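Subject: Structure handover

Hello,

Here is the structure for you to look through. My notes follow below it.

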Amino acid sequence: MNERASRSVETPTLRIAYAEWGADSGWPVILSHGFPYDLHAFDDVAPILADAGARVIAPCARGFGPTRFVSDATLRSGQQAARGLDILQLADALALQRPILAGFDWGGNASCVAAALWPHRFGGLVSYASYDIIDIGAQRRPASPALERVCWYQHLFQTERGRRCLAEHRRDLCRLLWEAWSPGWRFDTATFERSAASFDNPDFVDIVIHCYRHVFGLEAGDPALQPLEDRLARRPAIAIPAVTLDGTQDPLKPGGTKSDAPLFVAAHEHRVVEAGHNLPQEKPRDFADAVSKVRSWLV
């Protein structure tokens, strides 16, 4: 499991494992990772922020690392409303006062969901790929063939063959995604294995498969979360200060996401960084600087 996630806190749904940097009195930041990554993506970001006075919390998402469900009966949902609610409940459990949210991939999606649904609860946002709330209705329409090819794993996961592939070959599959999504990043085996240990979580496969089947509209979500999904389907604006980021070498976001700017209705700045999809690990100082920019607006 993840040796860095040495702390945990219980929410109504999860026992969330997390790592922490900085003093308890620091200004709070929640750093949220994506799939197929883990909190090691922030190993270099977090110390920069802690040195700047932040109290940094980096949780292991549901299905990753030592994080576990409180009840065996809970649906192993990977839907965006569940992951956004996890962030809210983490902030509540740790009594964090209007933390800045920052994330990429699933973590950017969850951070945007939390910011859009509960703006009174959070101070600001750093989001890789801008307005990263999934329009599930739009997912039923095809993308360009070039982008559909990049998203081969999502199509594979719609089948039981894909579930078995992820279960039996999770490291090989996830390493392929690391390499494809960050073509300019030269990471070594030790770097990958530090994060890959988090994929051994017993709920990892169920969460990942449910996420991508729900996104495609092919598997039902948690009925209790449907009111939140209905709100997200209306594409709510994000009304807290935000810096958004794109990586120039990210094949998942061809052309970038600058056009999302109208969906940010508070202070907003969009930045482009020479990096791939895993921007926090590839360019940690750029990611940390975006968080610091949001902090400067708040003070």
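How many helices and strands are there in the protein? There are twelve helices and nine strands, taken as DSSP runs (helices H or I, at least four residues; strands E, at least two) and numbered from the N terminus.

Please note that this is a predicted model: local features need pLDDT of at least 70, side-chain atom pairs count only at pLDDT 80 or more, and totals for chains, interfaces and linings use all residues. Residues are numbered from 1 along each chain as its sequence is written, and side-chain values use heavy atoms, without hydrogens and water.

Overall shape first. The radius of gyration is 17 Å, close to the 19 Å from the globule rule for 299 residues, so the protein is as compact as a globular protein of that length. That radius is taken over C-alpha atoms, and the rule is 2.2 Å times the number of residues to the power 0.38. The C-alpha atoms fill a box of roughly 50 × 45 × 40 Å along the principal axes.

Next, the packing. Of the 299 residues, 57% count as buried (under 20% relative accessible area, 1.4 Å probe, protein chains only). Among contacts (heavy atoms within 4.5 Å) with a separation of 6 or more, 79% join residues 24 or more positions apart.

One helix to look at is helix 8, residues 189-196. Its buried residues are Thr191, Phe192, Ser195 and Ala196. They lie on the same side of helix 8, because they cover an arc of only 130 degrees around the axis (from directions to the C-beta atoms). Their cover includes helix 7 (170-181) and helix 11 (279-282).

Best wishes

Notes: Buried means under 20% relative accessible area, exposed over 50%, partly exposed in between (1.4 Å probe, protein chains only).
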